Amino acid sequence: MLTEPDASNLIFASYERKATRLKGYDQHTRTLSGMRQLFERAGINVSGFPIITVTGSKGKGSTSIAAAALLQGAGLRVGLLTSPHYLSLRERIRVNGTALPSDDYARIITEMAPALQSVDAALPDDQYLSPTGLFLAVAMRHFEEQHVTAAVLEVGRGGRYDDVSLIENRVACFTPITGEHLDKLGPTVADVTWHKTGIIKPGSVVVSATQSPDVAQQIREVAAQQHSRVAFIGIQNPQPPVSNPGLFLRDNVALASAAARELITAYRMKASLAGAADVLRRVQFPGRTDRVSDAPVVWVDGAINRPSAEIFINSVLNESPAPRVLVTALPHDKDYAGLLDTLAPHVQHLIVTRVSAGHLVFAADVFAHAQQRSPHATEEPNVTAAFARGTELATAAGTLWIVGTQSLVRDALSHWQRDLTTLITPLE
């Protein structure tokens, strides 16, 4: 049997061999034919249980986690597929909040390896088996073995050419859609929306967050073509019953609740969301306004622009005693100015760092802007040293904000030894 590292290497092998040749938009560089063949050869069931598929530009991970928790609270056994991971690739695949065990991960990929390698070897030079699709295959096999009664699948990037669209869903869930991944889905928001509406299946139910008028109209048009009903969920005011203070969760939990309710109704399940709040209170949302320490208080968040920074600060400022220290790392292509302009006025010290992942490009402009925004800005390229310095400056009585790119979040969760084996805190 493959070891866990060898199994992970096999997941990424096909893509890595072809990556340098993949230039252009997804509709020109991605095809689902290889994954269809793999599903058939490996005997993977694509329609064994009710499915919610979640896409969008922001909030789809937390919406997926919340939807799975709500269904679990309703008495179902729930599979969950999300991306990216933080500390282990196995975090992407969960049943009732618990990550795929290492032995099962290695075994499933070992069993799938002959079919995977056979299909991959026969693909044309411009096609590959995507890691997203292979994680989906592992997830569907694990869900079947674990006898799940429902599943929530988060789309990797787009929708129409994402492998998750191979799975027939009954509920298509849309978080807010904006201009993101324009180099792969663009060049316009209309193009991004076209990709994401590819998850709408014939006769399904579409549940969407509030969208811009143009995006909402596109969703309605595609839903009409598929004879699917559409429900838009408005902006929420009350904070949902979760332990996480993130204000973004108000709308995301409301959207997740609507999607879960539609799935239960569509399949006439003997399940009720009435008692789901208990499970929702015990759900962790890793890396999203995530309090990982108390002395000092340490908040970790993946905000990368002005709007997300504003949501972060409005969520945690009242629970962030002074002195406050910000540690941030943002690649050159992110809205570092918007994030620094928003957060710098509220901190006594600001540390600009880099991340342990070597593939991101960091520019001197980020530190230069930090110096403009704070007289106490310093640069510490080593992320571990930046965490140590930030902790020292915050003192045990203060607060450390670690806010920036997802790789920074990953480094922070590892540094503070966050246990992500389960997303649902057990009852004592």
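His 181, in this predicted model, counts as partly exposed, with a relative accessibility of 40%. His 181 has a positive phi of about 50° although it is not a glycine, and its place is the loop between S6 and H7. A second residue with this kind of backbone is Asn 96, which is not a glycine either and has a positive phi of about 50°. Asn 96 belongs to the loop between S3 and strand S4 (98–99), and its relative accessibility of 21% puts Asn 96 in the partly exposed class as well, because buried would require a value under 20%. Most residues other than glycine have a negative phi, and most peptide bonds are trans.

The second half of that rule leads to two peptide bonds that depart from it. Ser 83 and Pro 84 are joined by a cis peptide bond with omega of about -5°, and Pro 84 sits in the loop between strand S2 (78–81) and strand S3 (93–95). The bond from Gly 186 to Pro 187 is also cis, with omega near 20°, and Pro 187 is part of the loop between H7 and H8.

From that loop the chain enters helix H8 (residues 189–196), where Val 192, Thr 193, His 195 and Lys 196 are buried. Around the helix axis these residues cover an arc of only 160°, which puts them on the same side of H8. An α-helix has 3.6 residues a turn, so residues three or four places apart point the same way. The cover over the buried residues of H8 includes helix H2 (26–29), strand S1 (51–55), strand S6 (171–174), helix H7 (182–185) and helix H9 (213–225).

Further along the sequence there is a pocket, the second largest, which holds about 210 Å³ of space. It is lined by 16 residues, and the closest to its centre are Pro 240, Pro 241, Val 253, Ser 257 and Leu 280. Helix H10 (248–266) and helix H11 (277–281) each supply at least two residues of this lining, with the largest share, five residues, coming from H10.

The next element to follow is an open sheet of six strands, in the order S9-S10-S14-S11-S12-S13 and with mixed pairing. Its edges are strand S9 (290–294) and strand S13 (377–379), each of which pairs on one side only, and from one strand to the next the twist averages 20°. At the S9 edge, S9 and S10 form a hairpin with two residues between them, and four bridges join S9 to strand S10 (residues 297–301) in an antiparallel arrangement. Within this pairing, Asp 290 has Val 300 as its bridge partner, Arg 291 is partnered by Trp 299, and Ser 293 stands opposite Val 298. On its other pairing, S10 runs parallel to S14 over five bridges, and here the partner of Val 298 is Leu 400.

How enclosed is S10 by the rest of the structure? Five of its five residues are buried, so S10 is largely enclosed by what surrounds it. Both faces are covered, since Val 297, Trp 299 and Asp 301 are buried on one side, as are Val 298 and Val 300 on the other.

Several helices can be placed relative to this sheet. Helix H14 (residues 364–373) lies across strand S12 (349–352) and S13, and runs at about 160° to S13. Helix H16 (residues 406–415) packs on the sheet, where it touches S9, S10, strand S11 (324–329) and strand S14 (399–404), and its direction makes about 140° with that of S14.

In helix H12 (residues 306–316), the buried residues are Ala 309, Phe 312, Ile 313, Ser 315 and Val 316. Seen down the axis of H12, these residues fall within an arc of 160°, so they line one face of the helix. They pack against S10, helix H13 (336–343) and S14. Ser 315, itself in H12, is buried with a relative accessible area of 8%. Apart from neighbours within four places in sequence, Ser 315 is in contact with Pro 245, Gly 246, Leu 247 and Thr 289.

Conventions. Residues numbered from 1 in each chain as written. Predicted model: local features only at pLDDT ≥ 70, side-chain atom pairs only at ≥ 80, totals over all residues. Heavy atoms only, no water. Pairing = 2+ DSSP bridges. Axes fitted to C-alpha atoms, helices over the stretch in contact; angles between N-to-C directions. Contact = heavy atoms within 4.5 Å. Buried < 20%, exposed > 50% of the residue type's maximum accessible area, 1.4 Å probe, protein only. Arc of directions from axis to C-beta. 1 Å grid on protein atoms, 1.4 Å probe; cavity = no way out; pocket = protein on both sides within 12 Å on 5 of 7 lines; lining within 4 Å. Points joined across faces, edges and corners; volume = space filled by probe spheres on them.
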